[in-house]
Amino acid sequence: MNTIIFRTIAPYLTALMVVFSIFVLLRGHNEPGGGFIGGLIAASAIAIYGISAGVSEVRRALVFHPITFAGFGVLMAAIAGLMSAFVDVPFLMGLWLFIDLGDGSELALSTPMLFDIGVYFVVLGAISTIALALEEDEDGK
Amino acid sequence: MIPTQSQSFSMLLVAIAPFLAAFVAPTVKRFLPNHAGWVLALIPTSIFLYLLSFVDLIAQGEKIQFALPWIPNLGIQLSFYLDGLSLVFGLLISGIGAFIVIYSGGYLNGHYHLGRFYAFILMFMGSMLGLVMSDNIITLFVFWELTSITSFLLIGFDHSRQASRRAAIQALVVTGGGGLLLLAGLLLMAFTMRTLDISTMLQQPGFMSEQPTYLLVFILVLFGAATKSAQVPFHFWLPNAMEAPTPVSAYLHSATMVKAGVYLLARMSPILGGTVEWQVTLPILGGITLITGALLALRQTDMKQMLAYTTMASLGMLVMLIGNGSKEGILAAMLFLVAHSFYKGGLFMVVGSIDHETGTRDITQVSGIWKSLPVTFFGAALAAASMAGLPVALGFFAKEEIYLIAKGMEWQHWLLAVTALVGNALMMAAGAAIAIRPFLGVRIATPKTPHEAPLSMLVGPAILAVLGVVVGLFIHQFGDWFFSPSASAIYNHKVSNHLGLHFDPIPLGLSVVTWIVGGIVLWKLDRIRDLLQALARVWTWGPDKGFDQAMFGLVRFADWITRLFHHGRLEQYLILVFVALGVAIYTPMVLNGSLPDVPNVLPQLRFQEWGVLLIAVLGLFAVVFGRTRLVAIVSLGIQGFAVALIFLLLGAPDLGFTQFMVETLSVVILALVMTKLHLDQRDNRVFEEVIRDGGLALICGIGLTTLLLAVLRTDLDTTLTDFFIQTSVPIAHGRNIVNVILVDYRALDTLGEISVVMTAGIAILALIRLRAGGPKRGIGAIKRAAGQRAKRAASKARSAS
């Protein structure tokens with residue numbers, strides 16, 4: 001399975017998939033996509049990189065242990081929910097901020113988006129944790 | 001009376017301040033290692049003075065109420081209620097609490113964890129104050145459980161000893177278990193009476209006793225009270241709780257916490273009392289506890305144990321009196337309660353001082369030390385006088401009031417009076433023994449040479465002992481201030497104050513009999529103790545042992561259940577899961593008779609849809625007939641992809657998209673699991689197993705199909721769908737409804753789900769590591785490995801240069 005073609009292409013494929021996963025994540029509110037599917041794509045990217053380049057290499061590239069990403073995601077989703085406390089509305093109520101970009105388009109920032117990014121990190125973190133732990137040999141290579 | 005806002009705030013502070021103080025206590029102790037107790041005692045002292053300012057108002061029959069919203073949706077408020085009963089309790093808790101905090105500073109001086117100890121004691125104080133001032137039953141329950149928890153922490157304070165740990169867990173299990181029953185009882189009562197506020201319940205006395213739920217509520221509340229207040233047969237935790245440092249025993253396990261059950265019964269008396277059940281059960285329960293406790297007290301040689309059992313006896317006395325429910329009974333209960341808190345709190349501190357100064361608290365090992373500890377002796381003597389009920393001490397009036405019940409002249413009144421008499425006499429003997437034996441007589445050598453205890457350890461016993469006499473001297477005045485208002489609160493009608501030094505022949509005669517019997521018991525104490533100990537050697541089984549056996553049985557049972565379900569054989573788990581799935585699918589359909597008919601026409605499908613279906617079927621065959629497991633896993637992926645294609649074709653791109661990713665990752669992870677577990681390449685199931693597993697799979701598959709057919713047969717309710725379609729863009733600003741539901745409408749569900757995903761990730765990681773033989777890799781391991789690499793590189797660089 002670990003041919004030279006695969007090994008050569010894998011880094012580009014991984015980068016492409018990560019970028020694509022972010023794209024899918026951000027368009028998710030209006031087009032097909034979202035945090036869950038984005039996280040799955042990113043996790044597959046990491047799994048592919050792990051198969052081709054070895055787990056220790058992936059761990060080095062990720063800097064943090066993948067489960068940390070999952071924890072970060074839950075934290076982020078919870079923070080997105082808690083934002084509502086500042087404007088005295090119920091927990092997890094969506095808050096929106098529309099920024100006029102001047103050229104007729106506007107940028108929409110919202111707590112549901114923050115929440116979705118949290119979902120993305122949880123799925124990414126949990127799945128890649130499992131995948132990497134399984135890819136690893138007994139001696140950690 | 002409804003207080004103003006600032007008054008409400010300061011009332012709230014009464015319950016909160018001890019918790020705040022607990023928070024800073026370790027810091028205070030660090031800066032003032034020897035005097036922290038004196039500083040921290042300022043908190044209970046100021047609470048005491050603050051509560052004292054309400055005495056006049058309450059004595060006039062006012063009640064003070066205030067509430068802060070807590071969980072308004074459920075009608076739960078942080079509401080507080082101050083009447084005669086809660087005021088007396090509040091004053092006892094804060095007043096004795098101040099002495100206890102000071103005393104602890106001397107008793108545990110130099111102890112490494114003294115700061116923590118202060119924190120626990122203050123937390124307990126806050127819980128107890130909150131408990132007696134709560135109006136809302138939920139608030140009451142929360143504080144009730146907090147007292148159990150803080151008691152657990154304090155009993156187990158010396159956690160390096162096994163006996164402490166056992167006693168702490170025992171107390172927690174008994175009182176916490178009772179607390180759960182109490183919660184059930186309180187909720188049932190609240191639903192019956194349609195209010196959560198005790199003050200509202202108190203306005204409808206007698207309502208509850210006519211309800212069909214009465215008996216159940218009564219039993220549940222009684223369980224709560226009996227476990228907390230150490231009534232037979234739940235008394236065993238109290239003597240064991242003496243493993244705690246002595247200030248804890250003096251405070252929690254004699255003056256305050258164990259009286260929480262008594263408080264509860266007193267509080268509930270107008271609501272639940274007055275019935276035959278109440279007036280029969282409580283006096284019997286209390287009477288048995290009284291006599292048992294008093295007899296067990298005489299069996300002990302450890303003075304702390306003697307006091308513990310007399311405390312149990314006193315609690316029995318209080319329950320008996322509240323159960324009696326007459327004016328005299330209630331007034332006697334309040335007098336006895338205050339008197340007991342004074343003298344028993346004081347005597348516990350005295351015993352603590354003796355232990356601290358001589359190194360032993362065995363009553364047969366200490367003698368004639370009064371010259372070395374004169375102030376302590378003074379406190380002990382006065383406390384014992386009050387306990388014996390000698391004239392003008394508070395205990396005297398308590399006893400007279402109890403014996404007044406005998407004037408009812410019916411047999412049950414006499415039975416109660418005689419029980420009280422026997423109990424009083426035995427308790428008097430135990431108390432007098434503690435005040436006399438160690439101090440008077442011939443001096444014998446003790447493990448340590450005794451000196452008078454430090455000032456911090458004298459203040460409490462001395463002042464409490466003096467108070468016991470002062471209150472007795474001015475009994476009428478104190479009756480106006482405290483005893484009459486509190487008794488009125490329990491009785492729910494005005495209980496007039498007739499207290500004073502006038503001698504009624506019947507009570508006085510019974511008092512004299514008490515003193516004579518008590519004197520004889522004291523004189524023959526050693527004989528009686530030998531006798532009781534001989535009895536104990538014959539009769540070895542008791543609830544304490546029963547507790548151990550029950551706990552052991554519980555562990556064994558849990559072990560058995562675990563072995564039954566957690567046997568470690570994967571295929572058995574899977575069989576269980578799928579059998580459960582089959583049962584869950586078929587049972588409702590068969591019971592409701594909603595099994596759908598099998599459709600007899602082929603669906604009209606387009607060419608490409610038939611193609612996809614064919615792929616799915618091919619994948620399926622490959623799974624079943626695949627030669628190796630890897631082929632089967634990959635074929636499963638093919639089958640899944642086909643399903644994803646169907647989703648795409650039917651216009652659910654989101655679903656299809658996700659399905660593709662899930663299938664891909666499943667195949668990858670399944671393949672990895674296979675290599676990781678070193679499974680055989682091929683499936684080596686024997687014929688019987690193939691039949692079993694295949695049959696199960698078919699049954700579940702057919703079940704799911706039928707379920708889907710049944711779902712399609714009903715009309716789809718589109719209310720929700722319409723709502724989402726209409727509102728998704730205008731209020732949630734998103735056109736992808738699936739995503740909007742996930743991150744906005746149902747965000748709380750999603751939050752729960754992602755927490756589960758994260759937890760599952762952690763659990764799987766742990767399992768894989770466990771298999772790999774210990775926590776070798778991980779966040780820490782990576783850092784360690786990186787550190788080692790850096791070190792190696794550095795040493796290499798050094799050796800190279």
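**Notebook: where chain B meets chain A**

I began with the contact between the two chains: about 3,900 Å² is buried between chain B and chain A, and carbon and sulfur atoms give 74% of that area. Buried area here is the accessible area (1.4 Å probe) that two parts lose on being put together, summed over both. I noted that this is a predicted model, where local features need pLDDT of at least 70, side-chain atom pairs count only at pLDDT 80 or more, and totals for chains, interfaces and linings use all residues. Residues are numbered from 1 along each chain as its sequence is written, chains are lettered from A and ligands numbered from 1 in the order in which they are written, and side-chain values use heavy atoms, with hydrogens and water left out.

Next I looked up who takes part: 41 residues from chain B and 47 residues from chain A, with contact meaning heavy atoms within 4.5 Å.

I then checked for salt bridges (a side-chain nitrogen of Lys or Arg within 4 Å of a carboxyl oxygen of Asp or Glu). The rule finds 1 across this interface. R735(B) pairs with E31(A) in a salt bridge, their closest N and O atoms being 3.3 Å apart.

On chain B's side, I found that helix 28 (653–676), helix 31 (737–745), helix 32 (747–772) and helix 33 (779–800) each supply at least two of the residues that touch chain A. Helix 32 of chain B gives the most, with 14 residues. Helices are DSSP runs (H or I, at least four residues), numbered from the N terminus.

Last, I visited T150(B), which sits in helix 7 (residues 137–155) of chain B. T150(B) touches F120(B), M123(B), F124(B) and S127(B), leaving aside residues up to four places away in sequence.
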